[in-house]
Amino acid sequence: MPSLNVASRHPRLRSQLIAFSAVRTVLNTGYRMVYPFLPVMARGLGVDLETMALAITARSALGMAGPFLGGTADARGRKTAMLLGLVLFSLGLGIVGLWPTFGVFTAGLLLAMAGKIIFDPAMQAYLGDRIHYARRGLAIALTELGWSASFFIGMPLVGWLIDRRGWRAPFPVLALLGVVAFVALTRLLPSDERPQAARQSLRRSLRSVLRHRPALAGLCLGLLVSAANELVGIIFGAWM
C-alpha cells in the first residue's frame, strides 16, 4: 500500500499546499468582493443595481464553458494551465483599475472568472496526480481554506481599501497579487510532463455524462445551488 505520509514522499508538496491556499484566497477574494460591495461599485460606475446584476449574471453564465476551459490542464499541462489562469485573473482585474467603465468592468469580471475556471481544476488535478487517494481529501480541504479566508480576511481588507482609496482600489492590488502568485508558482512547481497522447475526446466525455442519470442529477443540483447562491449574493450587499 502506498505511503500516506505525503510530506515524506514529496518534500515540496507541503509548501505547494500552503501556496495553493494563499493563491486561492486571492482568487476567491477577487471573485467574492463584488457581492458585498455591489452598491458601492454601482455608484462608482454610474449604473444601477439591475445593470450590475447583468454583469454578474454574465460572469456566472461563463461557468457553462467550464468543460472547455477546465480541459486546459489536460491539453497543456497542470502548471501551464494554472499560470494561464493567473494571467487572465490579473489581466481582468488590472484593466478595471486602469479603465473604470461598466463595459471594461464586465469584461474584467469575465476574464478573471475564466482564469479562476482554468486554475481551480488544474490545481486539483495537480494534487490528484501526486497525492494518494486516502489523503487527497485532506489536501483539497486545505486548499479550500482559501474560500473562507477570502471572506474573513479578504473582505475586511477590500472594505478598508475602498474606504480609503475608492471603489476601484482593490482591483489593481489583487491584480498585483496575481502577478506575485504567478512568479511564486513558476518557481515552486515542477515543469509539466508531456501530455499523454491518447485522451478521451471532450465530445465523447460530454456524451457519456449526458447519458448518465446520476451525473445529470448532480449537474442539476449544482446549477440550482449556484443560482440560489448568486441570488442571495446579489441581494445581501444591497440589503446591508
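This briefing describes selected side-chain features of the structure shown above. The model is predicted. It holds five salt bridges and six aromatic pairs. A nonpolar patch on the surface has about 550 Å² of accessible area in total. The points below take these topics in turn and then consider two buried residues, Asn 28 and Ile 56.

**Salt bridges**

- Side chains of opposite charge can pair when their charged atoms come close.
- Arg 24 and Asp 120 form one such salt bridge, and their closest N and O atoms are 3.2 Å apart.
- Because Arg 24 belongs to helix 2 and Asp 120 to helix 8 (residues 102-130), this pair ties together parts that are 96 residues apart in sequence.
- Arg 24 and Asp 120 are both buried.
- A network of salt bridges links Arg 24, Lys 116, Asp 120 and Glu 144.
- A salt bridge also joins the side chains of Asp 129 and Arg 78, with an N to O distance of 2.8 Å.
- This pair links distant parts of the chain, since Asp 129 is in helix 8 and Arg 78 is in helix 7, 51 residues apart.
- Asp 129 has a relative accessibility of 48% and therefore counts as partly exposed, whereas Arg 78, with a relative accessible area of 16%, is buried.
- Arg 164 and Asp 163 meet through their side chains in a salt bridge of 3.3 Å, N to O.
- Asp 163 counts as exposed because its relative accessibility is 61%, and the cut-off for this class is over 50%.

**Aromatic pairs and charges over rings**

- A pair of aromatic rings is described by the distance of the centres and the angle of the planes.
- The structure holds six aromatic pairs.
- In one of them, the ring centres of Tyr 31 and Trp 147 are 6.3 Å apart and the planes meet at 40°, so the pair is tilted.
- Tyr 31 in helix 2 and Trp 147 in helix 10 (residues 145-165) are 116 residues apart, and the pair thus links distant parts of the chain.
- Tyr 31 counts as buried, at 13% relative accessibility, while Trp 147 is partly exposed, with a relative accessible area of 32%.
- The rings of Trp 167 and Phe 171 have their centres 5.9 Å apart and their planes at 75°, and the pair is therefore edge-to-face.
- Trp 167 is buried, with a relative accessible area of 12%, and Phe 171 is buried with a value of 1%.
- One aromatic cluster is formed by Tyr 31, Tyr 35 and Trp 147.
- Two members of this cluster also have a charged side chain over the ring: Arg 32 lies over the face of Trp 147, at 4.1 Å from the ring centre, and Lys 116 lies over the face of Tyr 31, at 5.9 Å from the ring centre.

**Nonpolar surface patch**

- The surface patch consists of Leu 84, Val 87, Leu 176, Val 179, Val 180, Phe 182 and Val 183.
- Helix 7 (78-98) and helix 11 (170-188) each supply at least two of the residues in the nonpolar patch.
- Helix 11 gives the most to the nonpolar patch, with five residues.
- Leu 84, one of the patch residues, is found in helix 7.
- Leu 84 has a relative accessible area of 35% and is therefore partly exposed.

**Two buried residues and their contacts**

- Asn 28 lies in helix 2 (residues 13-32) and is buried, with a relative accessible area of 0%.
- When residues up to four places away in sequence are not counted, Asn 28 touches Lys 116, Gly 146, Trp 147 and Ser 150.
- Among these contacts of Asn 28, Lys 116 is part of the salt-bridge network and Trp 147 is part of the aromatic cluster.
- Ile 56 has its place in helix 4 (residues 49-61) and counts as buried, at 0% relative accessibility.
- Not counting residues up to four places away in sequence, Ile 56 touches Val 34, Tyr 35, Leu 38, Glu 230 and Ile 234.
- Tyr 35, one of the residues that Ile 56 touches, belongs to the aromatic cluster.
- Ile 56 and Gly 108 are 52 residues apart in sequence and 11 Å apart in space, C-alpha to C-alpha.

Definitions and conventions. Residues numbered from 1 in each chain as written. Predicted model: local features only at pLDDT ≥ 70, side-chain atom pairs only at ≥ 80, totals over all residues. Heavy atoms only, no water. Helix = DSSP H or I, 4+ residues; strand = E, 2+ residues; numbered from the N terminus. Buried < 20%, exposed > 50% of the residue type's maximum accessible area, 1.4 Å probe, protein only. Contact = heavy atoms within 4.5 Å. Patch = residues over 30% accessible without salt bridge, like charges linked within 9 Å, V, L, I, M, F, W, Y side chains within 5 Å. Areas by Shrake-Rupley, 256 points an atom, 1.4 Å probe, with all protein chains shown as cover. Salt bridge = Lys/Arg side-chain N within 4 Å of Asp/Glu carboxyl O. Phe/Tyr/Trp six-rings, centres within 6.5 Å; stacked < 30°, edge-to-face > 60°. Lys NZ or Arg CZ within 6 Å of the ring centre and 35° of its normal.
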